[in-house]
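Please open the model in your viewer and keep the sequence beside it, since this tour goes from one selection to the next and says what is found at each stop.

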Amino acid sequence: MMRLPLFAFRAPRTLDEAARILHGEGPDAMPLAGGTDLLPNMKRRQQVPRTLLSLRNIDSLRAIHFDKSAARLGACLTLSDTASDPRLHNGATALVQAASQVATPHIRNMATLGGNLCLDTRCNYYDQTYEWRKSINFCMKKDGVTCWVAPSSSKCMAVSSTDTAPALMALGARVRLASRSGEREIALADLYNNDGMNYLHRKPNEILAEVLLDPLHDWRSTYWKLRRRGSFDFPVLSVAAAARVASGGVIEDARIVIGSAASRPLVAAEAASFLVGRSLTSEAIAEAATLAARIAKPLDNTDFDMSWRKKVTAEFVTYALRELRGDNVSAERTAITRLPFA
């Protein structure tokens with residue numbers, strides 16, 4: 001049985017109190033929300049904080065507010081509550097779909113929106129027991145010096161596996177970060193760094209407090225996820241797409257984000273720009289899917305063959321854009337969860 005290492009536990013009741021504690025404890029402290037990722041990592045000794053700072057008792061972090069269709073989502077809102085809120089089903093469909101596909105219902109009842117956004121990067125050589133990792137002399141991400149995925153690489157290649165980040169990036173989300181020195185607001189896309197070890201631009205003394213969504217009038221969005229087991233696994237490829245559609249069906253603005261293909265979600269800016277001013281014809285969808293797939297360069301650090309994951313990226317973008325067009329793609333969604341993957 002894997003046991004948790006010893007740690008101190010703090011349970012502040014306000015965000016200001018939490019920020020003061022985190023500042024005082026320094027880098028040896030970590031915020032704890034649902035704990036569905038951090039606690040297993042601690043059991044494997046991937047992360048060994050001396051102090052856990054529980055955010056569970058801070059009511060403001062579990063709140064959700066709407067103002068003229070804009071939304072402010074507390075970072076400790078559970079994924080179950082996120083997926084079930086009917087106010088998010090109009091425009092923020094991608095977020096609802098992403099949140100509802102994370103892990104199992106039991107985990108979604110505990111896991112939080114902010115925790116999923118800050119999810120640790122994953123790798124076949126990293127997400128193992130301490131003894132297994134010790135047998136290969138560890139890896140660059142924890143206790144070692146070599147990235148076993150790309151031994152000549154100077155940086156860690158662990159992959160981003162967050163579901164909600166690609167969806168929220170496609171929706172143009174921003175996040176509010178709080179610390180003892182104040183608050184700052186950044187685009188969610190700017191939170192991430194393409195480095196498996198230093199994957200967040202969040203300072204050690206900052207707490208991700210809130211997700212902000214602007215009004216999504218006339219926007220359509222969707223989220224598609226590839227995984228071996230359709231009811232449990234992390235994504236090995238994900239596609240989020242959003243478009244603002246004019247009355248005539250012409251795309252006024254669009255965003256496409258590829259997840260689980262690098263150490264951060266990848267914005268397919270060229271593909272999105274191509275769609276602006278066009279209708280979602282089959283030809284336009286095919287060209288946009290080809291452009292989006294070019295940025296996906298998966299490595300052999302997670303499930304499935306990396307060449308196959310690269311190949312199906314265009315197919316998943318196609319599915320997503322067809323859904324934005326209004327096609328009935330329920331059969332394709334069902335078939336994906338039943339394919340006899342090798």
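**Strand β8 and its partners**

Begin by selecting A178 and then I207, its bridge partner in β8. This is a predicted model, in which local features need pLDDT of at least 70 and side-chain atom pairs count only at pLDDT 80 or more, while totals for chains, interfaces and linings use all residues. Residues are numbered from 1 along each chain as its sequence is written, and side-chain values use heavy atoms, with hydrogens and water left out.

Now show the whole of β6 together with β8: five bridges join these two strands, which run antiparallel. Strands here are DSSP runs of E with at least two residues, helices are runs of H or I with at least four, and both are numbered from the N terminus; two strands pair if DSSP finds at least two bridges between them. Add strand β5, residues 70-74, which pairs with β8 in the antiparallel sense over four bridges, and look for R72, which stands opposite L212 of β8. Seven of the seven residues of β8 are buried, so this strand is largely enclosed by the rest of the structure; buried means under 20% relative accessible area, exposed means over 50%, and partly exposed lies in between (1.4 Å probe, protein chains only).

**The sheet of three strands**

Next select β1 (8-10), β2 (29-32) and β3, residues 51-54. They form an open sheet in the order β1-β3-β2, with parallel pairing, and the edge strands β1 and β2 each pair on one side only. The twist averages 25° from one strand to the next. Three bridges join β1 to β3, and the bridge partner of A8 in β3 is T51.

**Helix α1**

Keep the sheet visible and add helix α1, residues 15-25, which packs on it and touches β1, β2 and β3 (contact means heavy atoms within 4.5 Å). The direction of α1 makes about 170° with that of β3; axes are lines fitted to C-alpha atoms, for helices over the stretch in contact, and angles run from 0 to 180 degrees between N-to-C directions.

Which residues of α1 are buried? They are L15, A18, A19, I21 and L22. Because they cover an arc of only 165° around the axis, they lie on the same side of α1, the arc being that of the directions from the helix axis to the C-beta atoms. An α-helix has 3.6 residues a turn, so residues three or four places apart point the same way. On the other side of α1, D16 and G24 are exposed. What covers the buried residues of α1 includes β6 (174-179) and β8 (207-213), so display those strands again. After α1 comes G26, whose phi is positive, near 75°.

**The nonpolar cores**

Move on to the largest nonpolar core, a set of buried Ala, Val, Leu, Ile, Met, Phe, Trp, Tyr and Cys residues joined through side-chain atoms within 4.5 Å. Of its 39 residues, I256, I258, L275, F316, V317 and L321 touch the most other members. Helix α11 (306-325) is one of the elements that supply at least two residues each, and its eight residues are the largest share of this core. Centre the view on F316: leaving aside its neighbours within four places in sequence, F316 is in contact with W224, K225, L226, L237, V239 and I336. A second, separate core of 38 residues includes L177, L188, L191 and L200.
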